[in-house]
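Here is a quick tour of a protein chain and its ligand, written for someone who would rather be at the bench. Take a look at the picture first, and then we'll walk through it.

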Amino acid sequence: KQIGRVAIVTGGAKGMGYETARHLTSLGMHVVIAGNSEEEGLAAVRKIREENSKGKVEFQFLDLSSLKSVRQFVRMFKDRRLPLHILVNNAGVMLVPERQTEDGFELHFGLNYLGHFLLTNLLLDTLKQSGSHDSCARVVTVSSATHYVGVLNLEDLQSRSCYCAHGAYAQSKLALVLFSYHLQQKLTAGGFPVTVNVVDPGMVNTDLYQNLCSPAQLVKRPVAWLLFRTPAEGASTAIYAAASPTMEGVGGCYLYNGQRAQSSIISYDEDLQAQLWRQSCTLVSFPVEDYGEN
Ligand SMILES: NC(=O)c1ccc[n+]([C@@H]2O[C@H](COP(=O)([O-])OP(=O)(O)OC[C@H]3O[C@@H](n4cnc5c(N)ncnc54)[C@H](O)[C@@H]3O)[C@@H](O)[C@H]2O)c1
């Protein structure tokens with residue numbers, strides 16, 4: 001059933017994204033690894049191809065910290081007239097010192113959240129056309145347990161008044177949960193065959209921790225080896241959401257350890273979801289009212 005289904009995995013060149021891309025290829029899918037390092041992307045493609053999987057894998061450049069790059073990625077993808085059955089919004093950065101994206105957004109918010117917000121919206125027409133009522137297209141977004149401590153500061157989404165790297169990461173991961181629920185609600189209201197779920201992979205030993213300060217790195221190393229999951233273990237919930245028959249037609253869930261779980265109380269606030277949606281449309285210059293009807 002999976003053979004020939006087309007999937008995009010952002011940040012699929014390493015960490016959990018790589019394991020997700022590898023697994024979906026092994027199921028017979030045509031996987032596009034979307035990432036901002038051509039060298040890493042091509043190396044990942046080579047490694048996966050060596051496994052002689054049933055599926056196809058390729059790399060396409062995407063820098064989520066640039067709205068121009070997101071638009072270019074989508075234009076190139078659409079020019080190929082491929083369907084799109086699965087979009088895994090996996091890429092992310094964590095605990096980066098205060099920095100801005102090309103478009104002037106705080107980096108965590110701009111890259112982790114807004115880049116994926118625009119990417120998903122621009123690909124939504126293709127997802128809607130590719131899904132059917134007995135086989136929905138799927139959007140899977142990787143959030144984090146850190147979202148539980150996240151606060152969405154609608155007056156200052158770019159953390160200009162006070163910057164804290166942890167707070168900025170948590171806000172970006174909370175925004176992804178709010179976005180996923182709102183998107184699912186709109187798709188359901190429009191009767192479109194696309195489901196949206198958000199996953200929490202747990203603590204996973206990847207390069208995501210590269211920005212920890214040196215003493216924390218020293219503590220993390222042995223602890224991570226003992227207590228953290230491997231990237232393949234961490235990717236399992238995203239893979240489940242992307243490919244499991246059990247998840248057919250199921251959307252609007254927060255998944256942890258392959259099971260439905262509760263996200264933070266504020267993530268269910270529909271007014272907050274709608275306010276974030278509207279502000280996000282304005283920030284990425286995406287027409288609010290165009291959404292959903294095409
Ligand atoms: N590792 C954990 O413990 C953990 C816990 C909770 C959530 N997560 C989330 O899991 C996801 C995957 O992270 P990981 O742990 O595999 O880390 P990782 O650092 O191995 O992977 C992150 C990926 O994002 C890509 N990326 C970074 N900047 C990019 C950009 N500008 N454009 C496109 N791609 C870009 C990287 O190239 C890499 O492929 C992230 O969203 C992260 O927030 C990780």
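## Two loop residues with positive phi

Let's start in the loop that joins β7 (254–256) to β8 (259–261), where Asn 257 sits. Keep in mind that this is a predicted model. Asn 257 isn't a glycine, yet its phi is positive, at about 55°. Is Asn 257 exposed or buried? Asn 257 counts as exposed, because it has 12 C-beta neighbours inside 10 Å, and the cut-off for exposed is 12 or fewer.

Arg 81 is the other one to look at. Arg 81 is found in the loop between α3 and β4 (86–89), just after the end of α3. Its phi is near 55°, again a positive value in a residue other than glycine. Arg 81 has 7 C-beta neighbours inside 10 Å, so it counts as exposed too.

## Helix α3 and its two sides

Step back from Arg 81 and you are in helix α3, which covers residues 67–79. Does its length add up? With 13 residues at 1.5 Å a residue, α3 should span 18 Å, and its end C-alpha atoms are indeed 18 Å apart, so the two agree.

Which residues of α3 are buried? They are Leu 67, Val 70, Phe 73 and Phe 77. These four cover an arc of only 120° around the axis, which means they sit on the same side of α3. The spacing makes sense in general terms: an α-helix has 3.6 residues a turn, so residues three or four places apart point the same way. The cover over the buried residues of α3 includes β2 (30–35), β3 (56–61) and α4 (107–130). Turn to the other side of α3 and you find Lys 68, Arg 75, Met 76 and Asp 79, which are exposed.

## Around the ligand

How many residues surround the ligand? There are 28 of them, and the closest are Gly 11, Gly 15, Gly 92, Ser 144 and Thr 206. Helix α1 (residues 15–26) gives the largest share of this shell, with three residues.

As for chemistry, the shell is a mix: 13 of its residues are nonpolar, twelve are polar and three are charged.

## Close to the start of the chain

Gln 2 belongs to the segment before β1 (6–10). Gln 2 has 17 other C-beta atoms within 10 Å, so it is partly exposed. What does Gln 2 touch, apart from its neighbours within four places in sequence? Its contacts are Leu 27, Gly 28, Met 29 and Ala 243. Take Met 29: it is 27 residues from Gln 2 along the chain, but the C-alpha atoms of the two are separated by 5.9 Å.

## The chain as a whole

Zooming out, the protein chain has eight helices and eight strands. Its radius of gyration is 18 Å, close to the 19 Å that the globule rule gives for 294 residues, so the chain is as compact as a globular protein of that length. If you like to think in boxes, its C-alpha atoms fill one of roughly 45 × 45 × 35 Å along the principal axes.

Inside that box, 48% of the 294 residues are buried. Of the contacts with a separation of 6 or more, 74% are between residues 24 or more positions apart.

How values were computed
Residues are numbered from 1 along each chain as its sequence is written. This is a predicted model: local features need pLDDT of at least 70, side-chain atom pairs count only at pLDDT 80 or more; totals for chains, interfaces and linings use all residues. The expected span of a helix is 1.5 Å times one less than its number of residues. A residue is buried if 20 or more other C-beta atoms lie within 10 Å of its own, exposed if 12 or fewer, and partly exposed in between; C-beta atoms are placed from the backbone. The arc is that of the directions from the helix axis to the C-beta atoms. Two residues are in contact if their C-beta atoms, placed from the backbone, lie within 7 Å. A residue is near a molecule or strand if its C-beta atom, placed from the backbone, lies within 6 Å of it. Ala, Val, Leu, Ile, Met, Phe, Trp, Tyr, Cys and Pro count as nonpolar, Asp, Glu, Lys and Arg as charged, and the others, Gly among them, as polar. The radius of gyration is taken over C-alpha atoms; the globule rule is 2.2 Å times the number of residues to the power 0.38.
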